[in-house]
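Me: I would like to work through a protein model by question and answer. Please begin with its pockets and then turn to its cysteines.

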Amino acid sequence: MQNMIKPLQLGKQIFPVNLIQGPLAGVSCAPFRLLTWRYSKPAYTCTEMISCKTILHSSDLIKKRYITKYADEGPVCFQLSGSEVSELAAASQLVTSYGANLIDLNCGCPAGKIRRKGAGSKHLSNASHLYQLIRAMKQNTHVPVSIKIRVDGYSTENFNHELIHAIQDAGTDFVVVHGRHWTEKYNVPCHYDQIQYFVNELSIPVIGNGDIANDETLLTMMKLGCNGAMVGRASVGQPWLIGQLIATSQHLEFSIPSLSDTGKIFLEHVAMLIELLDNEKHALLQARKIAKYYARSIKYRNEFCESVNHCFTFENLQEICCHYFN
């Protein structure tokens, strides 16, 4: 495999590698990020998308899940969601004080509840307002500022070309481009040609995102001329994936954790969730959502997931894992 791993400069910061762990709703809190950092050492990892209103107005207990950053995890990008200039300015100040190494504005979320608030992918239809939001972020933090977008047309001819000017003129440090339109589900393949458009048109770094799960898909993305690549869903249940991609690209040996060790990593993930949420029940509900990803190599995967779905204590979860991860 061609070596696509190289240093990545974003704003004034330089990272040793150009692979990034992207934000994942319901997953990317501190335990997931810490495991990803431990086994992969990406350029940086991302928080879950955080509403500015949550940052500014919620209780410390509610915010804890979103803003907790462990001392021994690597650089973290706080991803914000919002549509009001003043709120985004204030939230940028706060997350900077919480230790954000970078700040991203979500401009790609397709969820109706987010779009109805004028946030997420709705930003792609209002370039002038997006410019104001980015300026507000830039003026209220010293860390690199990015936006994560979805492609805004079904073909490059349909793109809102004002976006390019708004993104660059506002001083955005870099852009993450997910190669799907907001109306498209994950069963639609990533539109690499539309990511290529942003690579060609923007004079700032472009990070490609979409369907990266192995050496082949990473190479396809990097051949577009992207400065870096962001891995998303494929890392769930295998926090070593980015580390494996880095090693393979550099022709280095890499040992994937054994089935037994994978079970131990899953249990550690859940144990950290229990501590973070201070609620065993809520943590086990999250465990149900991620169990199938950790169980990729289990012979009786469906049976394992069904057992986890009926598990109500961490002790019981340990017994289940002991049975299936062997």
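Me: What is the volume of the second largest pocket?
Reply: The model is a predicted one. Rolling a probe the size of a water molecule over the atoms shows where empty space is left. For the second largest pocket, the volume comes to about 160 Å³.

Me: Which helix supplies the largest share of the lining of the second largest pocket?
Reply: The lining consists of L61, I62, K64, R65, Y66, L276, L277, N279 and H282. At least two of these residues come from each of α3 (60-67) and α11 (259-277). The largest share, 5 residues, belongs to α3.

Me: How many residues of this lining are nonpolar, polar and charged?
Reply: Among the lining residues are L61, I62 and Y66, as well as K64 and R65. Leucine, isoleucine and tyrosine count as nonpolar, whereas lysine and arginine count as charged. The full division is 5 nonpolar, 2 polar and 2 charged.

Me: How many disulfides does the count give?
Reply: A disulfide is a covalent bond between the sulfur atoms of two cysteines. The sulfur atoms must lie within 2.5 Å for a pair to be counted. By this rule, the number of disulfides is 0.

Me: Why does C52 form no bond with the closest cysteine sulfur, and which residue holds that sulfur?
Reply: C52 is buried, at 1% relative accessible area. Its sulfur is too far for a bond, because 11 Å lies between it and the closest cysteine sulfur, which is in C107.

Me: Is C305 buried or exposed?
Reply: The closest cysteine sulfur to that of C305 is in C321, 10 Å away, which is too far for a bond. Burial requires a relative accessible area under 20%. With 15% relative accessibility, C305 is buried.

Note on methods:
Residues are numbered from 1 along each chain as its sequence is written. This is a predicted model: local features need pLDDT of at least 70, side-chain atom pairs count only at pLDDT 80 or more; totals for chains, interfaces and linings use all residues. Side-chain values use heavy atoms; hydrogens and water are left out. On a 1 Å grid over the protein atoms alone, a cavity is a set of points where a 1.4 Å probe fits but cannot get out, and a pocket is an open set with protein on both sides within 12 Å along at least five of seven lines; lining residues have an atom within 4 Å of a point. Grid points are joined across faces, edges and corners, and a volume is the space filled by probe spheres set on the points. Helices (H or I, at least four residues) and strands (E, at least two) are DSSP runs, numbered from the N terminus. Buried means under 20% relative accessible area, exposed over 50%, partly exposed in between (1.4 Å probe, protein chains only).
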